Amino acid sequence: MTPRSVARRTFLCAGLAAATLGLPRPAAALAAVPRQRVILDNDFSGDPDGLFQLAHHLASPSVEIPFVIGSHIHAGDFLDRSTRQPENAVATVQALYATMRLDRPPPVVPGRNGGSTQQVPTAPTEAARRIIAEALRTDTRLPLYYAAGAGLTDLAVALMLEPRIGRRLKLVWIGGMEHPDLLPGVPARHDLEYNLTIDLPAARWIFNHADVEIWQVPRNVYRQLIISHAELDAGLRAAGKLGTFLVQQLERVTALMNGELGETYILGDSPLVTLTALQSSFEPDSASSAYVVRPTPRIAADGRYVAAPDGRPMRVYQTIDTRLTFADMFAKFARAGL
């Protein structure tokens, strides 16, 4: 090889290297490790908003999910008229798992099949036993949250069986009626809230007698998580089998309602993700969602609040950061779906 050929080859290699260095490259993925443990409890055979919340939680690296509970709704509910609602919820969760890239899908167990009648039953269920065991763990320092998007049956049973766990977890609950003094200029509704009525005795026992800290997202606030069909279509398009599965679940409900739901849907369980997985970086908390702290009220037999000035402090959320919630959800779905 002549000196001139060597020089030319050196120049070309140097130019190619420079050009390669100038090409845009994918950004390195930001790292995150679990900061919280979150037990997920929802009616996964009922309203599909819980499936969006579940998939979003599963795709969030900052939470460790020990297990998932498939819980019941009302007996004969039009969303699942069967007598096997918890078992159907478990099967639906497993179908969702099959559409996602999951290294270790968390175990999913059925909750109690049916709500309380006059008082909370004390017969232990597998779900209640798992709740107690997780809350009593001493081999981890990660704080424990109980994220519930429907009734509170299994948590109430666990708290009655082992009252010590009340101080060892926080309940984040999508449910309960509006607080009239937090609705300036908005007429109060008088009909009972859906999740509250799934098991009113369980909710009453937790509010009135337990000592667990509650972060409540009442009806007027979870209804802020409203999203249009056009946004859902655009956001789920890149989510592969996961997106297809979620759309099918929404279409199931739309068909049951004869297409009368308009062109929006309320993903009312998504605040469970916002308030746990999407906490702020330094000094972790749900920093972008507004709330007030007040004494936990008692819940009367008719489902309405009764002021209890000496009640333990609870959070009542007034707004949820919907921008963060939906933007993060669609970005993660695009990565997590098969």
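**Exercise 1. The chain as a whole**

What percentage of the 338 residues of the chain count as buried? Describe also the overall build of the chain.

*Solution.* The structure is a predicted model, in which local features need pLDDT of at least 70, side-chain atom pairs count only at pLDDT 80 or more, and totals for chains, interfaces and linings use all residues. Residues are numbered from 1 along each chain as its sequence is written, and side-chain values use heavy atoms, with hydrogens and water left out.

Step 1. Buried means under 20% relative accessible area, exposed over 50%, and partly exposed in between (1.4 Å probe, protein chains only). By this criterion, 49% of the 338 residues count as buried.

Step 2. Helices (H or I, at least four residues) and strands (E, at least two) are DSSP runs, numbered from the N terminus. The chain has 12 helices and 13 strands.

Step 3. Along the principal axes, the C-alpha atoms fill a box of roughly 95 × 50 × 45 Å.

Step 4. Contact means heavy atoms within 4.5 Å. Among contacts between residues at least 6 apart in sequence, 80% join residues at least 24 apart.

**Exercise 2. Strand β1 and helix α2**

Determine how far β1 and α2 are enclosed, and identify the pairing of β1 with β2.

*Solution.* Step 1. Strand β1 covers residues 36-42; seven of the seven are buried, so β1 is largely enclosed by the rest of the structure.

Step 2. Q36, V38, L40 and N42 point one way from β1, while R37, I39 and D41 point the other way.

Step 3. Two strands pair if DSSP finds at least two bridges between them. Two bridges join β1 to β2, and these strands run parallel; Q36 has V63 of β2 as its bridge partner.

Step 4. In α2, 10 of the 10 residues are buried, so this helix too is largely enclosed by the rest of the structure. Among them are D49, F52, H56 and H57.

**Exercise 3. The surroundings of S60 and E134**

Is S60 buried or exposed? Locate S60 and E134, and list their contacts.

*Solution.* Step 1. S60 lies in the loop between α2 (49-58) and β2 (63-64). S60 is buried, because its relative accessible area is 4%.

Step 2. Apart from neighbours within four places in sequence, S60 is in contact with V273, A277 and K332.

Step 3. A polar contact is a pair of N or O atoms within 3.5 Å; within protein, one must be able to donate a hydrogen and the other to accept it, and residues adjacent in sequence count only if both atoms are side-chain atoms. The side chains of S60 and K332 form such a contact at 2.9 Å.

Step 4. E134 belongs to helix α4 (residues 126-135) and is buried, with a relative accessible area of 8%. Not counting residues up to four places away in sequence, E134 touches R37, I39, P66, F67 and L144.

Step 5. The C-alpha atoms of E134 and I165 are 9.2 Å apart, with the two residues 31 apart along the chain.

**Exercise 4. Strand β13**

Which strands are joined to β13 by bridges, and in which direction does each run?

*Solution.* Step 1. Strand β13 covers residues 313-317; four of the five are buried, so β13 is largely enclosed by the rest of the structure.

Step 2. Strand β7 (residues 213-217) runs parallel to β13, with two bridges between them. Here Q216 stands opposite V316.

Step 3. Strand β10 (residues 291-295) runs antiparallel to β13, with five bridges between them. Here Y291 has Y317 as its bridge partner.
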